[in-house]
Amino acid sequence: MDVLSKPANELGELILSGAISIVDLIDKVYERIMKLESKVNAIITLRSRSDLLKEAENKEKEIKRGAAKGLLFGVPVAVKDNISTKGIRTTCGSKILENYVPPYDATVVKLLKKEGAIIICKTNMDEFAMGSSTETSYFGPTRNPWDLERVPGGSSGGSAAVLAAGIVPLALGSDTGGSVRCPAAFTATVGLKPTYGLVSRYGLIAYANSLEQIGPMARNVTDVALLLNVISKYDENDGTSIPGSRPDYMYSLSNPYHIKGSLKVGLVVEMMGEGVSDEVRKVILRALDKISGEGIEIEEVSLSSLKYALPAYYIIAMSEASSNLARYDGVRYGFRAKIDGDWNKVYMETRAQGFGLEVKRRIIMGTFALSAGYFDQYYLRALKVRTLILNDFRRAFKKFNVLVGPTMPILPFKIGEKIKDPLAMYMCDIETVSANLAGIPAISIPAGFIGNLPVGLQIMAPPLHEELLLKISKIFEDKIGLRNLIAPL
Amino acid sequence: MEKLLEHLSWLARVKLCNYERKLLVNDIAKIMEFFNRLGEIDVKDVEPTTHVIELVSVFREDKPGKPLSLDKALKNAPSKEGGFFKAPRIL
């Protein structure tokens, strides 16, 4: 257990110095999965033990030859199942891709391999990342390691659960409206949604392109910075990738921050209002109390357009989804219904059998928002509200270095509690969607607990200010004093 | 509402069973109400945002890359014949 609880930034060094054997490490990871997976259901596809051990042995040989290099050499990593992995089944949590084996690696997976990481498994998720609880997965819900009766959040619930269960130290998630930050908050882990365009989306199975980013997840801020160093790179295969080099986020963590005067933190009043439970509010205020002082000023700030962020987000996300998911026609890949008939009949039946209810609901609503007669009223209007939200953030960042609020308005809820009420589930995203609409970086770090149930603090920064965001997160993490947490299982 | 749902189900090419239709008719009404909240906010003279990061169109050099082999491209196809995807008939 000891080696499994090590942070990735220490593990990498211990491996390269020969203090830890990669074969032993991978063996322990595998044993832990065998022990816990039946309880947690965090994994959709686990690579075979023999494959993993063979890779570990080859890596040990490289160390002996003196040829080992890479930021994550021998470090076990989990990858969300909507990120393409060459030769490893990638289902997106859906029946329609149940047997899909990608012929290529997503850019982020290529970068992981280049730095020597060992991909252990593909993690469970809401079907097509549509959900906030990992309950819409075709492969059954993931359970929260802190309380097995409760959800781990979503949609990257499997990635968060393998971290909180002490299986691997690093995982990749994707965040369209909070899907990295929500499960991080619900499992007392750390998850970052980078600035739109910082990390390549090539090989990420699309849900809503204009909103989503792949994000690093870990049990502490330093490991998140380490994983961001690996995956953040310009990619000519992604038309929205931001050109140019990226800073060394680990290096920036080790330096004191240079900010004129004191650090100004804005507590967003709209994020502490209606819909936020008293318990969450209490934990956030207590955490902010620990943070303030010593050159950190916290002041309330209002971003009035955020009241409209949730409906604007859902209109845009569902519209993009209805267009993106048109590709699942049962012809080039994926499931096809076994019936005879013409194109329309087979296409409709394939999608009837291949998609779950939430995916159908979002395709239908997106089709509605884009359809003739409604386009101006819904989709176009949502894009205009998006502009107002962007402007509000720009204004706020003139005065504040970062903005804060809760990541989730409520505590992790019971499995089955919200799944039958779509609007109640959508309300869970009320704190997170605005960062996606504005394209800004946002992170969730542990703020505290109510009993054994975690609460996450969300910190948001201006676009491309990940260095500042991570540095501040590290300071907050030190002051709050919660890191490297593993649920007692 | 039933008629609208039927129309949307056809446009989206997603067949719905009776149970799903019953649920979704109810959901659509509620979600529309939720969407309608945007009617409260004044968006006069506001430009829509489709992309948050201002980027110019990126072009790469017109050099052929390495395409997937025929075998690999067809590997995931549920139905194929003679090196082609086999699709249902159009008419």
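## Cavities

About 90 Å³ of space lies in the largest cavity of this predicted model. Its lining is made up of 15 residues, and those closest to the centre are Gly131(A), Ser132(A), Ser179(A), Tyr313(A) and Asp429(A). Sorted by character, the lining of the largest cavity has eight polar residues, five nonpolar and two charged.

If you are looking for enclosed space of 30 Å³ or more, the structure holds two cavities. The second largest has a volume of about 30 Å³. Around this second cavity you will find Asn82(A), Phe128(A), Ala129(A), Ser174(A), Thr176(A), Leu204(A), Ile205(A), Tyr207(A) and Glu212(A). Five of the residues in that lining are nonpolar, three are polar and one is charged.

## Pockets

Now for the open spaces. The largest pocket contains about 1000 Å³ of space. Of its 31 lining residues, Tyr104(A), Asp105(A), Tyr202(A), Gly203(A) and Asn237(A) are the closest to the centre. The lining of the largest pocket divides into 13 nonpolar, 12 charged and six polar residues.

The second largest pocket has a volume of about 560 Å³. It is lined by 23 residues, and the ones nearest its centre include a residue of chain B: Arg37(B) is listed there with Glu274(A), Gly275(A), Lys307(A) and Ile430(A). Two elements of chain A, helix 10 (309–324) and helix 14 (422–427), give two or more residues each to this lining. By type, the lining of the second largest pocket holds 13 nonpolar, seven charged and three polar residues.

## Helix 4 and its surroundings

Helix 4 of chain A is worth a closer look. Its buried residues are Thr107(A), Val108(A), Val109(A), Leu111(A) and Leu112(A). What covers these buried residues includes strand 2 (76–80), strand 3 (118–123), strand 4 (170–175), strand 6 (213–218) and helix 7 of chain A. Just after helix 4, Gly116(A) takes a positive phi of about 90 degrees.

## Where helix 4 meets helix 7

How do helix 4 (residues 107–114) and helix 7 (residues 221–231) of chain A pack, and at what angle? Their axes lie 8 Å apart, at an angle of about 110 degrees. An angle from 65 to 115 degrees counts as roughly perpendicular, so helix 4 of chain A is roughly perpendicular to helix 7 of chain A. On the helix 4 side, the contact is made by Val108(A), Leu111(A) and Leu112(A), while helix 7 brings Leu227(A), Val230(A) and Ile231(A). The residues of this contact divide into six nonpolar, no polar and no charged.

The spacing of these contact residues can be read alongside a general rule. An α-helix has 3.6 residues a turn, so residues three or four places apart point the same way. Val108(A), Leu111(A) and Leu112(A) also appear among the buried residues of helix 4 of chain A.

## Helix 5

Is helix 5 (residues 157–164) of chain A largely enclosed or open, and why? Eight of its eight residues are buried, so helix 5 is largely enclosed by the rest of the structure. Those residues are Gly157(A), Gly158(A), Ser159(A), Ala160(A), Ala161(A), Val162(A), Leu163(A) and Ala164(A). For burial, the cut-off is under 20% relative accessible area. Helix 5 of chain A is followed by Gly166(A), whose phi is positive, near 70 degrees.

Notes
Residues numbered from 1 in each chain as written. Chains lettered and ligands numbered in written order. Predicted model: local features only at pLDDT ≥ 70, side-chain atom pairs only at ≥ 80, totals over all residues. Heavy atoms only, no water. Buried < 20%, exposed > 50% of the residue type's maximum accessible area, 1.4 Å probe, protein only. Helix = DSSP H or I, 4+ residues; strand = E, 2+ residues; numbered from the N terminus. Axes fitted to C-alpha atoms, helices over the stretch in contact; angles between N-to-C directions. Parallel < 35°, antiparallel > 145°, perpendicular 65-115°, else oblique. Contact = heavy atoms within 4.5 Å. Nonpolar A, V, L, I, M, F, W, Y, C, P; charged D, E, K, R; others polar. 1 Å grid on protein atoms, 1.4 Å probe; cavity = no way out; pocket = protein on both sides within 12 Å on 5 of 7 lines; lining within 4 Å. Points joined across faces, edges and corners; volume = space filled by probe spheres on them.
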